[in-house]
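Colleague: I would like a close look at one part of this model, the open sheet. Please take me through how its strands are arranged, then move on to the spaces in the protein and one helix.

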Amino acid sequence: MSSPPTTSPPLPSLLPQLSHPPTSTSSDYYYDSYSHPSIHYEMLLDSPRTKTYKSYILSNPQIFKDKVVLDVGCGTGILSMFCVMAGAAQVIAVDNSKICNLARQLVADNDMSDKIEIYQCKVEDLPIENESVDIIISEWMGYFLLYENMLKSVIFARDKFLKSGGIVLPNRCVLYSFGFESDTRDQECEVWNDFEGLNFKRLGTLYSSEPEIDFIEPNMICTNCETIKRFDLMTIKIEQVSSFTSLQTLKFDRTSNLKGIGTYFEVGFTVGPKPIGFSTAPFVARTHWKQTNFYLQNRSIQGVKDDEVKVKWDVGVCEGNERDFEVKVECEWKDGGEYYFKYVIN
């Protein structure tokens, strides 16, 4: 009788699959993330977001009546449907994720299939005539306003498909910053100094260096709020989004220990007789965007009322992944205090 083998035989049916995984790009991951209904639940239930779009569209029907509208990044199609409710003659909706399948069903459920045509493709590949739409509407905003860089697609659509005299909605956005005090991040990082009897400080350092997407309580804010950049959606160029710098001065409003710089944005629909907008600031109704916060690394800035911190922002698209942004923050304050750190929003 022969001896049994001392090693297990290979698994030929599995090994070829494991050794040749499919290749995915950052764009694949981006579009795939919007294929799942769960992310759309969160956005639809964001009341300041959804109700502001609805209020503007339905309160200004004269802007939409008999117009051709392009909805960039349509998701479930709710903005397209609002436009039809306001009297739009036709809505061309485009999204490069599989959520388009659900959007078509929702459009049919609301008896709007004759008015809304949905394309699953990149807006850059949209097969419609140049200068053929009256209005471009989009909910393109991400964390730190710019994350995911969907604004680039809106600008492309504006330059290619918008008729002379047409409008982009929303048409105004402003990105702001403020200083805040907090012990939270230090306490969270201390956990890693002795984690289950092991030194995991290195992980704590990495965690601390990442921008935080979270709510800042209003009582944590210790400076004024200052503008980083204003965006006019009718005129801004792609290169002005891909890279820009900004200088500002934050002024302490009380004696405090500044531990980070938070950011938020405001969105404005200022065309028409009934303008409206919404904010993602810490002191108004909360949105799913929260605030994007940059904690100072192993540093804090002590100040008393009216002390100033000069801040330079250097913002640009990450090399190799146009969806992510690199944010360099440089601070100077009294007595020669200086701080510099490079953050990545990804």
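Modeller: The sheet comes first, then the pocket, the cavity and the helix. Keep in mind that this is a predicted model.

Four strands make up the open sheet. Their order is S9-S15-S16-S17. The pairing is antiparallel. Strands of a sheet are held in pairs by backbone hydrogen bonds, in either a parallel or an antiparallel sense. Look at the edges next. Strand S9 spans 243–251 and strand S17 spans 337–345, and both stand at an edge. Each has a single partner strand, so one side of each is left without a neighbour in the sheet. From one strand to the next, the twist averages 15 degrees.

Now take the edge at S9. Its pairing with strand S15, residues 308–318, is antiparallel and runs over nine bridges. For a contact to find on screen, start at Lys251. Its bridge partner in S15 is Glu308.

Next, the second largest pocket. It holds about 300 Å³ of space. The lining has 14 residues, and the closest to the centre are Cys189, Gly204, Thr205, Ser208 and Asn298. Two helices each supply at least two lining residues: helix H9 (184–190) and helix H10 (201–209). By class, three lining residues are nonpolar, six are polar and five are charged.

Then the cavity. The structure holds one cavity of 30 Å³ or more. The largest cavity has about 40 Å³ of space. It is lined by 13 residues, with Phe144, Thr263, Phe265, Lys290 and Thr292 the closest to its centre. Strand S11 (260–269) and strand S13 (291–295) each supply at least two residues of this lining. S11 gives the most, with three residues. The cavity lining divides into seven nonpolar residues, five polar and one charged.

Last, helix H7, residues 99–109. Its buried residues are Ile99, Cys100, Ala103 and Val107. Viewed down the axis of H7, these buried residues fall within an arc of 95 degrees, so they line one face of the helix. Just after H7 comes Asp111, with a positive phi of about 55 degrees.

To return to your sheet: the strands to pick out at its edges are S9 and S17, and the nine bridges between S9 and S15 are a good place to start looking.

Note on methods:
Residues numbered from 1 in each chain as written. Predicted model: local features only at pLDDT ≥ 70, side-chain atom pairs only at ≥ 80, totals over all residues. Heavy atoms only, no water. 1 Å grid on protein atoms, 1.4 Å probe; cavity = no way out; pocket = protein on both sides within 12 Å on 5 of 7 lines; lining within 4 Å. Points joined across faces, edges and corners; volume = space filled by probe spheres on them. Nonpolar A, V, L, I, M, F, W, Y, C, P; charged D, E, K, R; others polar. Pairing = 2+ DSSP bridges. Axes fitted to C-alpha atoms, helices over the stretch in contact; angles between N-to-C directions. Buried < 20%, exposed > 50% of the residue type's maximum accessible area, 1.4 Å probe, protein only. Arc of directions from axis to C-beta.
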